[in-house]
Structures are given as C-alpha cells and as structure tokens.
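Good morning, and thank you for the time on today's agenda. I would ask everyone to have the sequence and the model open while I speak.

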Amino acid sequence: MIIRLSKSVLSGQEVEAVQAVLEKEFLGMGPEVMAFEKELASYLDLPTTAVSCVNTGTSALHLALQAAGIGAGDEVLVPSLTYVASFQAISATGAKPIACDVNLDDALLDLHSAKQYLSSKTKAIMPVHYAGHVGNLNAVYEFAQEHQLRVIEDAAHAFGSVYADKKIGAQGDIVCFSFDGIKNITSGEGGLVCSSDPQIISHIADARLLGVAGDSMQRYKKERSWDFEVYHQGWRYHMSDIMAAIGRVQLQRFEKEFKPRRQEIAIYYRSKFESMPHIRLLNSDVNSVVPHIFPIRILNNKRDTIQHALQAAGVGVGLHYKPNHRLNFYQSDNAFPNTERLYQELLTIPLHPDLSASDVEHIVDIIKNYN
Ligand SMILES: *Cc1c(COP(=O)(O)O)cnc(C)c1O
C-alpha cells in the first residue's frame, strides 16, 4: 500500500515520553494517568472530576452504560451504521442494542427511526458522531428529555469537534472517546469518559479497577488499597502510565498539528468532489468538525469500480461500516433503507495528518476519472 487509509502519527517525543516511564520502572496506572486526565479536562474546559481515562473506547462505552444503570432487560437505541464496538458495549451490560436507521445526508442517527423503536424498556440513546460530525445534537437531547432517556455519546470519531461553541465532551450527559491507534489522538489504545454527572465519573473511577473503592487516588500516588471494599461489578479497564505518556504528547500536538491538517485535507477533498456529479458528500460543518475519516457516497453503482481502481493504484480504502443489523449476533427486523443504501454507496478514502499534497491530489484524480 503506497497511501495508507489511516495511521498513527508519532514522533521522537512520544518515544522519549514512553522511555521516561520505562526508566521509572512503574508501568501501571499512576501519576502519568493523573496528569493526562488533568490535561484532558483542561483542554475540554471541565473539572478533573468530570473525566476518567480507561483502556479502550469500547470499555469507556461499557462503563458509561453501567454507571448510568443500564443492564439486563433494558434497551438502548443506536444507529446500525457504527463500529461493532458500540453494539458490543451495550450487549456487554446485558441490555439490548436496538438498531436504528440513519439519515442519508449525514449518516447520523435518524430520530424518526429511533422514535419508532421506543418501548417501555428503552433507557438510553447512543448517538454516534460518525466521521466527527454531530449533526443536530440538540435534537437528540430534546428527544432524550422527552422520553426520559440517558444519552451516551459515542464520540470515538469526534475528539476536538465543536458543537454550539463548546467542544464535544465539554457538554452533554455522558460522552465517550477512543484513543486507539488511528483516532484523532492516540494513547496506543485508550479511552475517555466525560460527564457532567459526578456520580457517573466516581462510579467509573472505581469500576475501571475491579470496583475497588477509592483505588484510583491510591494508584495516582503509586500506592494501592490493601484493605478495601467493593460495592458493585468492576472490570480491569484502567489506563496505564505508558499509554498516558503517549496520549499526553499527542494532546499537545493536536491543536497545532493534527487538527489543522485533518481539516485542511477534508476541505480540499470537499472543494474537489463538490462539482463531481457521481460523488455526494456527507453534510459537514467543516470549520467546527475535526474529521476522523473521510467517507464519500459514490452514486450510479460505481462504488466497487472506484474502490478497485484506488486499491490497484496502491491507495488504502475502507468501508465504515458493515451495518450491525447484518451481523449474525445483532440481526434485526427493523427497517434500514438509508443504512442499506449507504452500505452500497459509501467508500472511505485516506485521511490522516501524514498525507502529502500530492497524495490527496492523486486520490482525487483517480476518482475524477470515473465521472
Ligand atoms: C474506535 C471506535 C470505538 C471503540 O474504540 P476502541 O478504542 O477501538 O475500543 C467505538 N465506536 C466507534 C464508532 C469507533 O470508531
């Protein structure tokens, strides 16, 4: 592959930060995680009591649902067009993910579809900020309030995106990010839960460490609890100091390097594709979104042809995502006309900060040829 679809963008700074942790010979959850949480909170304009770092985005979602009291017998509304992580996090609690359709123009949760599948068991809604876009997030919160649902935002794609003048994570009920290798920032693997509800975060601070009450504060001091108490189910979902050391450097580089480069590439792509009749762009507010992926819709049944042409030219492409209702474990009788259509039309083309100007021109030229 000559041009990669996505990649981690690392420098000597991340290497040095990891080396410094290794030299301290303390590899678990400790002062680096505490510092990362402090810096993330400051970046998002939140108090440190509103954030908790964990080992993956999936565990962030799982813990968020558990902390919100979602469990066996409950239902959670979620778009079918998302990574299977969203669905697995819901079913991990014992609750049932209820697959909904998405809008054709932005690939985000369609609230008309969600409304159809409300029941007395519905306890939460999980909007997915596909490609970094949030659409009309206000409408999701109004819907949730009307039907008394918790909102757990899958913001795995949306680190750095802004909605109504505030960063995603700085507002809302419970917001979960992923820092896996290819996300907007990475800590190797990793995740973050943000919530304005301090009970959610204090639950998660314990639940990520097997439910051992108050263990997080001990570990920040490189100590641990020996005579401890457990009040609820927990997991081994905490973040390690090695991960946090990578994440801290990435966060520092984000505003100056990663965010502007991602936005610049997306704006360039949009300017070129806008006038191509066989390409349809998803709605996006380019100035407030930090795009994580760049999916385009290819009309007139040309998707597979263009996909193969790009691959033959050494360009990495992706399909975000195989809809969950098509997976054996999550089959559904609900209706998914827009999701099905997008599944035939979508193709994700490369987007990461290391792409060069000639890379993106090359990609655009290949696609233009199939006009
Ligand atoms: C990456 C991702 C996740 C899960 O994050 P991990 O850190 O990989 O566990 C969840 N939802 C979506 C939409 C994602 O892209």
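I shall begin with the ligand and its surroundings, then turn to the strands, and close with several individual residues.

Please keep in mind that this is a predicted model.

Let us start at the ligand. Its shell consists of 15 residues, and the closest are Gly57, Thr58, Asp154, Ser178 and Lys183. Sorted by class, that shell holds 8 polar, 4 nonpolar and 3 charged residues. Two helices contribute at least two shell residues each, namely helix 3, residues 57-67, and helix 4, residues 84-92.

Which side chains bring a polar atom to an oxygen atom of the ligand? His157 places a polar side-chain atom 2.8 Å from a ligand oxygen. The side chain of Asp180 has an N or O atom 2.8 Å from an oxygen atom of the ligand. For the side chain of Lys183, the corresponding distance between an N or O atom and a ligand oxygen is 3.2 Å. As for cover, the ligand on its own has 380 Å² of accessible area, and the protein covers 93% of it.

I turn now to strands 2 and 3. Strand 2, residues 75-79, runs parallel to strand 3, and 5 bridges join the two. Within this pairing, Glu75 stands opposite Lys96 of strand 3. Between the two strands the chain passes through helix 4, and the resulting β-α-β crossover is right-handed. Helix 4 therefore appears twice in this account: in the crossover from strand 2 to strand 3, and among the helices that supply at least two residues of the ligand shell. Why is strand 3 described as largely enclosed by the rest of the structure? Strand 3 covers residues 96-100, and 4 of its 5 residues are buried, so the surrounding structure largely encloses it.

After strand 3 comes a loop that leads to helix 5, residues 111-116, and Leu108 lies in this loop. Is Leu108 buried or exposed? Leu108 is buried, with a relative accessible area of 6%, and the cut-off for that term is under 20%. Leu108 and Ile90 are 18 residues apart along the chain, and their C-alpha atoms are separated by 18 Å.

Next, the open sheet. Three strands form it in the order 10-11-12, with antiparallel pairing. Strand 10, residues 279-280, and strand 12, residues 346-349, are at the edges; each has a single partner strand, so one side of each is left without a neighbour in the sheet. As a general reminder, strands of a sheet pair through backbone hydrogen bonds, in either the parallel or the antiparallel sense.

Strand 10 is joined to strand 11 by 2 bridges, and Ile279 has Ile298 of strand 11 as its bridge partner. Strand 11, residues 294-298, pairs with strand 12 over 4 bridges. In that pairing, Ile296 is matched with Leu347 of strand 12, and Pro295 with Thr348.

How many of the residues of strand 11 are buried? The count is 5 of the 5, so strand 11 is largely enclosed by the rest of the structure. Phe294, Ile296 and Ile298 point one way from the strand, while Pro295 and Arg297 point the other way, and all are buried.

Beyond strand 11, the loop to helix 10 contains Asn300. Phi of Asn300 is near 60°, a positive value in a residue other than glycine, and Asn300 is exposed at 55% relative accessible area. A comparable entry is Glu25, in the loop between helix 1, residues 12-24, and helix 2, residues 31-44. Glu25 has a positive phi, near 55°, and is likewise not a glycine; its relative accessibility of 71% counts as exposed.

Helix 10, residues 303-312, contains Arg303. Arg303 counts as buried at 8% relative accessibility, and its side chain reaches the backbone oxygen of Tyr343 at 3.1 Å.

In the loop between helix 10 and helix 11 we find Tyr321. The peptide bond from His320 to Tyr321 is cis, with omega near 5°.

Finally, helix 11, residues 337-345, includes Thr339. Thr339 is buried, with a relative accessible area of 0%. Thr339 is 167 residues from Gly172 in sequence, and the two C-alpha atoms are 26 Å apart.

That concludes the presentation, and I welcome discussion.

Technical notes
Residues are numbered from 1 along each chain as its sequence is written. This is a predicted model: local features need pLDDT of at least 70, side-chain atom pairs count only at pLDDT 80 or more; totals for chains, interfaces and linings use all residues. Side-chain values use heavy atoms; hydrogens and water are left out. A residue is near a molecule or strand if one of its heavy atoms lies within 4 Å of it. A polar contact is a pair of N or O atoms within 3.5 Å; within protein, one must be able to donate a hydrogen and the other to accept it, and residues adjacent in sequence count only if both atoms are side-chain atoms. Accessible areas come from the Shrake-Rupley method with a 1.4 Å probe; for residues, only the protein chains shown count as cover. Ala, Val, Leu, Ile, Met, Phe, Trp, Tyr, Cys and Pro count as nonpolar, Asp, Glu, Lys and Arg as charged, and the others, Gly among them, as polar. Buried means under 20% relative accessible area, exposed over 50%, partly exposed in between (1.4 Å probe, protein chains only). Two strands pair if DSSP finds at least two bridges between them. A crossover is right-handed if, with the strands pointing away from the viewer, the path from the first strand over the helix to the second runs clockwise.
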